[in-house]
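Subject: Structure handover

Hello,

Here is the structure I promised to pass on. Please open it first, then read the notes below with the model beside you.

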Amino acid sequence: MIPLSVLDLSPIAAGSTAAQSLRNSLDLAQNAERLGYHRLWLAEHHSMRGIASAATAVVIAHVAAGTSKIRLGAGGIMLPNHSPLMVAEAFGTLASLHPGRIDLGVGRAPGTDQITAQALRRNLNQDINGFPQDVVELLSYFGEPQPGQHVIAVPGAGLDVPVWILGSSLFGAQLAAALGLPYAFASHFAPAEMERAIEIYRARFEPSRYLDKPYVMLGLNVFAAESDEEAQFLQTSQQQAFVNLRTGNPGPLPAPVQGYEETLDLHAKAILRQALSCSVVGAAPAIKTGVEEFIHRTGADEIMVTGHIFEHKARVRSYEILAKTMIGHDRTPAPVGLLA
C-alpha cells in the first residue's frame with residue numbers, strides 16, 4: 001500500500017466558529033498520527049467563511065505543537081500572495097521548531113477572488129509568469145548561503161525544506177518536472193487534466209538534488225461510514241458547499257441533507273459529476289475497492305485524502321475507517337530523505 005495522507009482545510013461548519021475549526025484541525029491531526037497517516041497538509045484560502053486556514057503557517061505551528069511524528073505542511077501556500085523570502089523565513093522557522101516534519105507545497109493561484117487578491121497584494125501588477133522565478137528564488141533560500149549572497153533566510157538557510165509544486169493544470173506538471181520537484185495534483189476538485197498532467201510530469205522529469213525520480217501525490221475525496229447510505233448522506237455537505245461556491249454563494253459548510261442531488265438542475269449535477277469525480281464514498285468494502293482502483297488507474301505514489309464532513313466526529317470516523325481498511329503494518333514506506 002502506498003502512503004496515505006490528509007488534506008485539511010479546517011472547515012467552518014454552519015453554526016460553528018473558526019476557533020472550533022482550528023481545535024478540530026489539531027484533533028484530526030492527532031488522530032491521523034495515531035492511525036498511521038503519513039502527512040497532513042493545510043491550505044491557504046482567503047475571505048472564505050467556510051475555511052479557517054488562511055494564516056496557514058500559523059495553523060501548521062498550532063498543529064505541530066500538538067503532534068510528534070506526522071509530517072505537516074502547506075498544500076499549499078499561494079506564492080503570488082507572498083514574497084519568497086517571507087515564505088522561506090516562515091517555513092524555516094517551522095522546520096527549526098519541528099525538524100524533519102515540515103513540507104512546503106506552493107501554487108500560483110490566488111486562493112481567493114480577484115478583489116481579495118488585490119487586498120492581499122495591494123496591487124495585481126505582478127506577472128503570473130513570474131511564478132517559476134519565485135519558486136527558484138524560494139529554493140535558493142533553503143540552500144546553503146553562497147559567497148557574496150546578501151539576502152539570507154534566517155531561519156531557513158541550509159534547512160532544505162522539501163518544496164512541492166501544486167497544480168490543477170498542465171503548467172504545474174511542466175514546472176515540477178523541469179525543476180525535479182515532487183508534484184501534487186488537485187484531482188479532488190479539478191480532475192479534468194489529471195491523467196495528462198501525470199503523463200507530462202513523468203515524461204519530462206529531470207532528476208535533481210531534490211529528487212532522483214518522479215513522485216506524484218493525488219488528491220482524493222473519501223467519505224467513509226458504517227453504511228453506503230450514511231456515507232452518501234455525509235457527502236452532501238461537500239456537494240452543497242461546492243455548488244454554493246460555483247454559483248457565487250460561498251459560506252460555512254452546510255449540514256448534510258437527504259436527497260440533495262435530486263433537488264439540483266442538470267447543470268448543477270454536471271458540475272458535481274465533473275469536479276468531484278475523484279471521490280470514493282461508502283462503507284469499508286466500497287472504500288477499499290474505490291481507493292485501490294484509483295491507485296491502479298493513476299499509478300500515484302501517494303494519495304492525499306480529504307472529505308468535508310459537517311460533524312467533526314463523523315469526519316474523524318471516516319479517516320478511521322479508511323485507515324483500518326487501507327493502512328497496515330506492511331504498507332510500503334515513504335521514500336527517505338527530503339520526502340520522508
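A residue counts as buried under 20% relative accessible area, as exposed over 50%, and as partly exposed in between. At 37% relative accessibility, Glu 292 therefore counts as partly exposed. Please keep in mind that this is a predicted model.

**Salt bridges**

Start with Glu 292. Its salt-bridge partner is Lys 288, and the closest N and O atoms are 2.8 Å apart. Both residues lie in helix H10 (residues 284–298). They are four residues apart, about one turn of the helix. In an α-helix, residues three or four places apart point the same way, because there are 3.6 residues a turn. Lys 288 is partly exposed too, with a relative accessible area of 37%.

How many salt bridges does a search of the whole structure find? There are 11. Some share partners: Arg 34, Glu 226, Arg 317 and Glu 320 are joined into one network this way.

Now look at Arg 39 and Asp 103. Their side chains form a salt bridge at 2.7 Å, N to O. Arg 39 lies in strand E2 (residues 39–42) and Asp 103 in strand E4 (residues 102–107), so the pair ties together parts that are 64 residues apart in sequence. Buried or exposed? Arg 39 is buried, at 0% relative accessibility. Asp 103 is buried as well, also at 0%.

Asp 160 and Arg 209 make another salt bridge, at 3.2 Å, N to O. This pair links distant parts of the chain, 49 residues apart. Asp 160 sits in the loop between helix H5 (131–142) and strand E5 (163–167). Arg 209 sits in the loop between helix H7 (194–204) and strand E7 (216–224). Asp 160 is partly exposed, at 25% relative accessibility. Arg 209 is exposed, at 53%.

**Strand E5 and its neighbours**

Next, go to E5. Five of its five residues are buried, so E5 is largely enclosed by the rest of the structure. Both faces are covered. Val 163, Ile 165 and Gly 167 are on one side, with Trp 164 and Leu 166 on the other.

Which strands pair with E5? E4 does, in the parallel sense, over three bridges. Here Leu 104 stands opposite Val 163. Strand E6 (residues 183–185) also runs parallel to E5, again joined by three bridges. Ile 165 has Tyr 183 of E6 as its bridge partner. Together, E5, helix H6 (residues 170–179) and E6 make a right-handed β-α-β unit.

**Nonpolar cores**

The largest nonpolar core has 84 residues. Tyr 37, Phe 91, Leu 104 and Ile 303 touch the most other members. Leu 104 is the residue you met opposite Val 163. Leaving aside residues up to four places away in sequence, Ile 303 touches residues including Ile 2, Leu 4, Met 217, Leu 220 and Phe 294.

Another core lies apart from this one. It has nine residues, among them Val 243, Leu 264, Ala 268 and Ala 275.

Ala 268 and Ala 275 also appear in helix H9 (residues 266–275), where they are buried along with Ile 271 and Leu 272. These four cover an arc of only 95° around the axis, which puts them on the same side of H9. Leu 266 and Arg 273 are exposed on the other side. What covers the buried residues of H9? The cover includes helix H8 (228–246).

**Backbone points to check**

Two cis peptide bonds are worth a look. One joins Gly 75 and Gly 76, with omega about 10°. Gly 76 is in strand E3 (residues 71–78). Another joins Val 154 and Pro 155, with omega about -5°. Pro 155 is in the loop between H5 and E5.

Asp 160 is in that loop too. Its phi is near 50°, a positive value in a residue other than glycine. Ser 10 likewise has a positive phi, near 50°. Ser 10 is in the loop between strand E1 (4–8) and helix H1 (18–35). With a relative accessible area of 0%, Ser 10 is buried, whereas Asp 160 is partly exposed at 25%.

Best wishes

Notes. Residues are numbered from 1 along each chain as its sequence is written. This is a predicted model: local features need pLDDT of at least 70, side-chain atom pairs count only at pLDDT 80 or more; totals for chains, interfaces and linings use all residues. Side-chain values use heavy atoms; hydrogens and water are left out. A salt bridge is a side-chain nitrogen of Lys or Arg within 4 Å of a carboxyl oxygen of Asp or Glu. Helices (H or I, at least four residues) and strands (E, at least two) are DSSP runs, numbered from the N terminus. Buried means under 20% relative accessible area, exposed over 50%, partly exposed in between (1.4 Å probe, protein chains only). Two strands pair if DSSP finds at least two bridges between them. A crossover is right-handed if, with the strands pointing away from the viewer, the path from the first strand over the helix to the second runs clockwise. A nonpolar core is a set of buried Ala, Val, Leu, Ile, Met, Phe, Trp, Tyr and Cys residues joined through side-chain atoms within 4.5 Å. Contact means heavy atoms within 4.5 Å. The arc is that of the directions from the helix axis to the C-beta atoms.
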